[in-house]
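Me: I'm new here and would like to zoom in on one part. Please take a close look at the largest pocket and then walk me through what surrounds it.

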Amino acid sequence: MGLTMRVIELECTDPLKLGEFWSAVLEAPVGPGTDGVNIAPRGEDEMRLYLVEERSPGRPRNRTRLWLNPLEGALEAEVARLKSLGARVVEKRWTNRSCGLSVVVLHDPEGNEFCIESSDREVAEAVRRFEDPLDDLDGLGPETEPTGFTGFDVL
């Protein structure tokens with residue numbers, strides 16, 4: 001027995017318009033759904049995002065937070081790309097300040113919250129450097145402002 005996740009559903013006012021944003025973010029096409037739109041980055045048999053029209057307009061939505069992780073690139077570059085698509089940075093949180101690893105919280109164009117973590121590559125590099133007894137770890141942590149944002153504008 002056991003469960004697997006197949007769909008993350010978000011209620012929104014305009015599924016097709018918001019689908020265009022998430023299609024660009026996930027670099028996957030928008031497909032039809034029974035009562036909304038479907039975005040399946042790795043095909044229909046894998047995890048997908050399903051956007052449906054609000055079921056009870058005027059009532060606060062059940063907010064779902066998506067967690068995304070860049071596999072290759074750097075967190076800052078991915079956040080810049082998402083901002084250019086219409087996302088808005090809400091805050092940056094350090095997951096491991098000494099390593100420079102963090103999470104950035106953003107809103108999509110309809111205000112749904114989602115998070116981007118440091119990339120797999122950035123995490124692997126931090127681990128590699130910590131495990132290397134000859135590495136002095138110079139430049140591994142945050143380079144500027146020990147308590148503030150670095151590289152992101154909060155709107």
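Reply: Let's start at the pocket itself: 23 residues line the largest pocket, and L26, P41, R42, L68 and N69 are the ones lying nearest its centre. (A pocket is an open set of points on a 1 Å grid over the protein atoms alone, where a 1.4 Å probe fits and protein lies on both sides within 12 Å along at least five of seven lines; lining residues have an atom within 4 Å of a point.) Bear in mind that this is a predicted model, where local features need pLDDT of at least 70 and side-chain atom pairs count only at pLDDT 80 or more, while totals for chains, interfaces and linings use all residues. Residues are numbered from 1 along each chain as its sequence is written, and side-chain values use heavy atoms, with hydrogens and water left out.

Which elements give two or more residues to the lining? They are the helices α1 (15-26) and α2 (75-85), plus the strands β4 (48-53) and β5 (66-68); these are DSSP runs, H or I over at least four residues for helices and E over at least two for strands. The space inside comes to about 710 Å³, counted as what probe spheres set on the points fill. By class, the lining has 14 nonpolar, 7 charged and 2 polar residues; Asp, Glu, Lys and Arg are the charged ones, and Gly is put with the polar ones.

Now follow β4 away from the pocket. It belongs to an open sheet of 4 strands, ordered β1-β4-β3-β2, with mixed pairing (two strands pair if DSSP finds at least two bridges). β1 (7-12) and β2 (30-32) stand at the edges with a single partner strand each, so one side of each has no neighbour in the sheet. On average, neighbouring strands are turned by 30 degrees against each other, direction ignored.

On one side, β4 runs parallel to β1, and 6 bridges join the two; E11 stands opposite V52 there. On the other, β4 is antiparallel to β3 (residues 36-39), with 4 bridges. Go along that pairing and you'll find V52 as the bridge partner of G36, L51 opposite V37 and Y50 opposite N38. β3 also pairs with β2, again in the antiparallel sense, over 3 bridges. A hairpin of 3 residues connects β2 to β3, and V30 stands opposite I39.

What about α1, the other lining element? α1 packs on the sheet, touching β1, β2, β3 and β4, and its direction makes about 165 degrees with that of β4 (axes are fitted to C-alpha atoms, and angles run from 0 to 180 degrees between N-to-C directions). For a close-up, pick L16, which sits in α1. Leaving out residues up to four places away in sequence, L16 touches V30 and V37, with contact meaning heavy atoms within 4.5 Å. L16 and V30 are 14 residues apart in sequence, and their C-alpha atoms are 8.2 Å apart.

Last stop, α2. Its R81 meets E27 in a salt bridge, at 3.8 Å from N to O, where the limit is 4 Å between a side-chain nitrogen of Lys or Arg and a carboxyl oxygen of Asp or Glu. That pair links distant parts of the chain: E27 lies in the loop between α1 and β2, 54 residues from R81. The structure holds 5 salt bridges.
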